[in-house]
Amino acid sequence: MLGIQDAATRLGVTMRALRFYEDKGLIAPQRVGTMRIYSRREMGRMQLILRGKRLGFTIREIAEFLDLYDADPEHTEQVRALKARVAARIAGLRKQKRAIEQTLEELISIERQAQAWLEGSPLSAIEDGVEELRRD
């Protein structure tokens, strides 16, 4: 059993973050008067929440995972839902990666053209740019 400050320190988050997740209904620390007490269960839920955030899942998606965990003692539905969301996240990240690689290639080309121009060879910079466009 931990108070909010100790829980925040152990989890590497702020007390405000813990109150935020409580307001969203993702955790429910016990109350003793006005003091919040975090059990092992709440700490475990917070670790899952933080992992989900690190992996790019939304609060809504994390809430769905936690709800399934509570509703399904065998965790079958939770694992199925997790697998589907993870596959979608992987596909999205791969798409972003391709877009980033394309942008990097374009920026490198522009950088080379600018460098050639600065070195007094604007014609070769333009020719290099045209040649790279032809390859695309």
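At what angle do helix α1 and helix α3 pack, and how far apart are their axes? In this predicted model, helix α1 (residues 4–11) packs against helix α3 (residues 40–54) at an angle of about 40°, and their axes are 11 Å apart. The chain holds 6 helices and 3 strands, and a search of the whole structure turns up 5 salt bridges. Below is a short tour, starting with the overall layout and moving on to helix packing, charged pairs and two individual residues.

**Overall layout**

- Following the sequence from its start, you will meet the elements in the order β-α-α-β-β-α-α-α-α.
- The chain has 136 residues, and 26% of them are buried.
- Take the contacts between residues at least 6 apart in sequence: 40% of these join residues at least 24 apart.

**Where α1 meets α3**

- Two packed helices are described by the angle between their axes and the distance between the axes.
- An angle of about 40° falls outside the range under 35 degrees that counts as roughly parallel, and α1 and α3 are therefore oblique to each other.
- The handedness of the α1 and α3 crossing is right-handed.
- On the α1 side, the contact is made by Ala7, Arg10 and Leu11. Their counterparts in α3 are Met43, Met46, Gln47 and Leu50.
- Sorted by class, the residues in the contact of α1 with α3 are 5 nonpolar, 1 polar and 1 charged.

**Where α3 meets α4**

- Helix α3 also packs with α4: their axes come within 10 Å and cross at roughly 140°.
- Because an angle has to be over 145 degrees to count as roughly antiparallel, α3 and α4 are classed as oblique to each other.
- Like the α1 and α3 crossing, which is right-handed, the passage of α3 by α4 is right-handed.
- From α3, the residues in this contact are Arg41, Arg45, Leu48, Ile49, Gly52 and Lys53. From α4, they are Ile59, Ile62, Leu66 and Asp70.
- By class, the contact of α3 with α4 contains 5 nonpolar, 1 polar and 4 charged residues.

**The salt bridge of Glu22 and Arg36**

- Glu22 pairs with Arg36 in a salt bridge whose closest N and O atoms are 2.5 Å apart.
- Glu22 sits in helix α2 (residues 15–23) and Arg36 in strand β3 (residues 35–38), so this salt bridge ties together parts that are 14 residues apart in sequence.
- Are the two partners buried or exposed? Glu22 is buried, with a relative accessible area of 16%, and Arg36 also counts as buried, at 17% relative accessibility.

**The salt bridge of Glu61 and Arg85**

- Glu61 and Arg85 form another salt bridge, with 3.4 Å between the closest N and O atoms.
- Here the pair links distant parts of the chain: Glu61 belongs to helix α4 (residues 59–71) and Arg85 to helix α5 (residues 76–118), and they are 24 residues apart.
- Glu61 counts as buried at 19% relative accessibility, because the cut-off for buried is under 20%. Arg85, at 28%, counts as partly exposed.
- Some pairs are joined further: salt bridges that share partners connect Glu22, Arg31 and Arg36 into one network.

**Glu42 and its surroundings**

- Glu42 lies in helix α3, and its side chain meets that of Arg41 in a salt bridge (3.0 Å, N to O).
- The relative accessible area of Glu42 is 4%, which makes it buried. Its partner Arg41 is partly exposed, with a relative accessible area of 45%.
- Which residues does Glu42 touch, not counting those up to four places away in sequence? They are Ile27, Ala28 and Pro29.
- Arg41 takes part in the contact between α3 and α4 as well.

**His75 in its loop**

- Look for His75 in the loop between α4 and α5.
- With 24% relative accessibility, His75 counts as partly exposed.
- The C-alpha atoms of His75 and Phe65 are separated by 9.9 Å, and the two residues are 10 residues apart along the chain.

Methods
Residues numbered from 1 in each chain as written. Predicted model: local features only at pLDDT ≥ 70, side-chain atom pairs only at ≥ 80, totals over all residues. Heavy atoms only, no water. Axes fitted to C-alpha atoms, helices over the stretch in contact; angles between N-to-C directions. Helix = DSSP H or I, 4+ residues; strand = E, 2+ residues; numbered from the N terminus. Parallel < 35°, antiparallel > 145°, perpendicular 65-115°, else oblique. Left-handed = near helix turned anticlockwise from the far one by under 90°. Contact = heavy atoms within 4.5 Å. Nonpolar A, V, L, I, M, F, W, Y, C, P; charged D, E, K, R; others polar. Salt bridge = Lys/Arg side-chain N within 4 Å of Asp/Glu carboxyl O. Buried < 20%, exposed > 50% of the residue type's maximum accessible area, 1.4 Å probe, protein only.
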